[in-house]
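Let's take a walk through this one, beginning with a charge and a ring and then moving on to aromatic pairs and a strand.

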Amino acid sequence: MGSLRGGVDSSMDDVCEGKDFSFPLQEEKVLSWWDDIKAFETQLERTKHLPEYIFYDGPPFATGLPHYGHILAGTIKDIVTRYQSMTGHHVTRRFGWDCHGLPVEHEIDQKLKINSREDVIKMGIGNYNEECRSIVTRYVQEWEKTVVRMGRWIDFKNDYKTMDLNFMESVWWVFSQLFQKGLVYRGFKVMPYSTGCKTPLSNFEANSNYKEVPDPEIMVAFPIVDDPDDACLVAWTTTPWTLPSNLALCVNANFIYLKVRNKVNGKVYVVAESRFTELPIEKPKKGTVDNSERPNLKAKGAKVKHTDFYEILDKCIGFSLVGKKYVPLFDYFKEFSDVAFRVISDNYVTDDSGTGIVHCAPAFGEDDYRVCMEHNIISKGENLIVAVDDDGRFTEKIVDFSKCYVKDADKDIIQAVKEKGRLVKSGSFTHNYPFCWRSDTPLIYRAVPSWFVAVEKIKDQLLENNKLTYWVPDFVKEKRFHNWLENARDWAVSRSRFWGTPLPIWISEDGEEIVVMDSIDKLEKLSGAKVTDLHRHNIDHITIPSSRGSEFGVLRRVEDVFDCWFESGSMPYAYIHYPFENVDLFENNFPGHFVAEGLDQTRGWFYTLMVLSTALFGKPAFRNLICNGLVLAADGKKMSKRLKNYPPPSEVINDYGADALRLYIINSPVVRAEPLRFKKDGVYGVVKDVFLPWYNAYRFLVQNARRLEVDGLAPFIPIDHNILQKSSNVLDQWINSATQSLVHFVRQEMDAYRLYTVVPYLLKFLDNLTNIYVRFNRKRLKGRTGEEDCRTALSTLYHVLLTACKAMAPFTPFFTEVLYQNLRKVGSGTEVSIHFCSFPDVEGKEVNRIEQSVTRMMTIIDLARNIRERHNKPLKTPLKEMVIVHPDAVFLDDIAGKLRDYVLEELNVKSLVPCNDTLKYASLRAEPDFSVLGKRLGKSMGIVTKEVKAMSTEDILAFEKAGEVTIATHVLKRSDLKIIRGFRRPDNVSEDEMDAAGDGDVLVILDLHGDESLFEAGTAREVVNRVQKLRKKAALEPTDMVEVYFKSLDENKTKLQEILESQELYIRDALGCSLLPSSLMPSHAVILDEESFHGISNLSFAITLARPALVFNSDAIVELYAGNTKFAQGLKSYLLSRDHHNLKLEFHQGKGKIIVKCIDDQPAVDVVLNKHMFLSVGDYFLSSWTK
């Protein structure tokens, strides 16, 4: 990489081969250099006068280590914010930490073996909270190390924490505003409840961890009071533990219900008609039933009917059952007998499972609570009896099962039901059941007193605000998020816990007076206390005198704390301590510009952001959002530390580098909210397919720019970009246009937040750069077409690489920095870091006609190669002629003009003939489309087929022009016929002599005739190929200067000699040097490698590679010293001792002449190049050959 430093040097540092370039090591050097120059801080300082781009970073918990999900989201955020910084914005990036809530408490509970709420009270809330505080930042250093190593620029020193005093104060303000707007109320709510964490969960938390588990299912009989047939209502449940709290049975008023008698045991049941077949079938025991009552059993194997076992006594509509009283299963709630233990109705009762009769325990079911309230079985505001405590155990009210954990009690309760003679049927079934996302214990539904935000009141506004936001991908917004908002329910924001932001609610003892704090200042003024921390143990003791007088006592704070989702949803305000500070910053830039998190946050952070911003300001919290999917293990399973089914991020980064990991994850379905199966091989694929070709193009530039100085020419300084735009070289024009297209595309996609489209486009661009521009321009770049043309080509490649680096800097911050630091050494007025540069502007460009022509040229080359392969004609075999057939005269002009030499050289063809007469080499035939016409024509199909196939070329052309033709009275349109174009050879020409290939756009025809006149060119190509392979074998760099010596091993040496002489120009052009007769190799030549070849075009020869060696004109040197041969030998010895490169430079500086006056006891002499000596055998040979 060379040194990373400021300033402009005279030349770029040399660079190693791609295989020796360590991406991870270079990234570590860049990180160290960024630290040295305070790169991130400098960028923020330099852009502080620019418009703000507000990015909200969702706070993770620091109680766990970062994983690929965090790396993915962090990479997306870094790419977008880097891009916005380069496009003229000031982007503050502060890391945030979620500090409160269940994740922290759960860890402390495990560490201290805390099993109940009482355990916390015993140890003291203060001690418990300080234990929680102590682990909140446990992994902050590990997080910072990983985030920084991934190349993400974000401020850790000025981070925000949800447990900070300022943050918590803003959360209080948010809540107070909701209270003032009438959007806060207190009530009972049946909620998902975690017995493991001893707290209710929000709906979005409850939906995050479902498991397939077996549960009991039972049918229970409830005898109807005063029924003439002693009938029992049969209810079905999968939660037997709720039966002790049963207060009602619910039917659907519109269903038909049957009263049936069991023919075996005589019991009478009431069930929905549609669920009648769910009743159990019992085979009668011998002698227990009269023959007249015995079920009418049919032959073995016949289908059994329920009516064989049950007699239907009556049929009624559900409405008629409403109000009937029944005998309770248990008497724990007998005080409710006047209003409870009766039948009620509601449409939530369905007939897709159970019996059509639902048992209601209002404390343990959301619908149960609602219908019991509506039918006055329980009253609003009345203290609901919840017979299960915070730990999920029955209270003393349930005498028989007191202190028993509810899920463990199922078996005992089923046994009790059986002993009471009430068990109709029992079994087990497997279903999806919610588990706590932290403790992994099964959730129960339980009525809890809670403070609520009335989300349902603002649902319409939430839906409207969602329309104002832009999501990638948009289907998450339109479907998943919209549906979640559509079904939004009031949000229980309080938690009966300890480590969190306390609710700022103070209530009088009689409940009549409520004060909600909106600031620390208000609390201090009302209480007279000094407040320095808002956690429970520091404020729970603070009381407020009643405004009604001392006789009304004092107001005390309610015990609850906020759901931590309320805190993270308040982040846009709380992280900048709004409204207490930064008022202008917030109000001028709200909603924020950008957020990005995972798909699960549609029910989490995205939702709470939207709810609070809508409630507070009537706006969405954000404008643009990228939603990513899940990163899974390679086998499609969830990544698991226990299973070790994924490579640690540090291992991947250390092997391939962070840039490769960044590109791999954003070039995957995961950025479109789909799952990614993470494969380490995929990261290596990015190195191989993206970075190595990119690096090799850069290395080729550096090598050939440095070669100018090696050759004694002026150092490389890139030509001004505006001048280069006027280059007459077609491939210069093309690569400049392609680079502008890259810049335009990246801008367009980044402005639309579509990160996943950029890498495929970059791959295509790099392929074009390396396999078209560099490959086809090797001679120009190596200086074989003259110094001026060489500098133009090198400058073009320089500006292309520089522009591509700037365009890709947000995506690959390390690699682009490495390249930029070397490129800038020959630039002028360049920024210290690539990340201080502006994103390239799209310059005015014409419609990319030249890009289309070059694309077609590559198609032509591919098609011609296919023809060669079919006929076993390798590229080393020259062909006489190719014909390009295409109707576009402009394109043919490009191919036959600007692009002609590239095509001919690449394909080893001697001449190219353009042809815009598409029928000259094409045959046309028509066929009916049977799939379209078959049914329509019926019996006429045969006649029509025959006539269609008989259509002449003129008929087909007329049909194509008119768009229809009438055949056998049937009018046929273009969609009815298939027109097939085939290659038509000239008469008396076989496939082996001429063949073609096409792609539906362009047709390529190759003349495959053998031609003796092409033999010499083919042989010369074979020789060049062997020389290049030998160079590679000798591990020579492209810039290493060598001399190539050639020796025929055949008896008849004249044939090969004649070929080499006739092909001298081609060979010199291809190798950059002449092929020298081995007889010219001087004795002092240093041999690098040599090899013999046999049977090449039926010829045998040897090739030797040697360092350039000096050649002396002995007579001229002796003449310098007036015939003194001793002095002449002394001069030769001196010159041979000199470094070849330095000697070459001296001759260059002396314009072909040097003065030698340093040889002891010899007079000074002027040595003239190409008169007294030659710097190489090649120079000497060319001089002789020219003469």
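Start at Arg82, which lies over the face of Trp153, 4.2 Å from the ring centre. A charge counts as sitting over a ring if NZ of Lys or CZ of Arg is within 6 Å of the ring centre and within 35 degrees of the ring normal. Arg856 has its charged end over the ring of Phe891, at 4.9 Å from its centre. Keep in mind that this is a predicted model, where local features need pLDDT of at least 70, side-chain atom pairs count only at pLDDT 80 or more, and totals for chains, interfaces and linings use all residues. Residues are numbered from 1 along each chain as its sequence is written, and side-chain values use heavy atoms, with hydrogens and water left out.

On to the rings: the structure holds 66 aromatic pairs (Phe, Tyr or Trp, the last by its six-membered ring, with centres within 6.5 Å; planes under 30 degrees apart are stacked, over 60 edge-to-face, the rest tilted). Trp241 and Phe364 make an edge-to-face pair, 5.1 Å centre to centre with 70° between the planes. They sit 123 residues apart in the chain, and both are buried (under 20% relative accessible area with a 1.4 Å probe, protein chains only; exposed is over 50%, partly exposed in between). Phe1093 and Phe1101 have their centres 5.6 Å apart and their planes at 40°, so that pair is tilted.

Now look at strand 24 (residues 622–628; strands are DSSP E runs of at least two residues, helices H or I runs of at least four, numbered from the N terminus). Of its 7 residues, 6 are buried. Strand 23 pairs with strand 24 in the parallel sense over 6 bridges (DSSP must find at least two for a pairing), with Val595 opposite Leu625.
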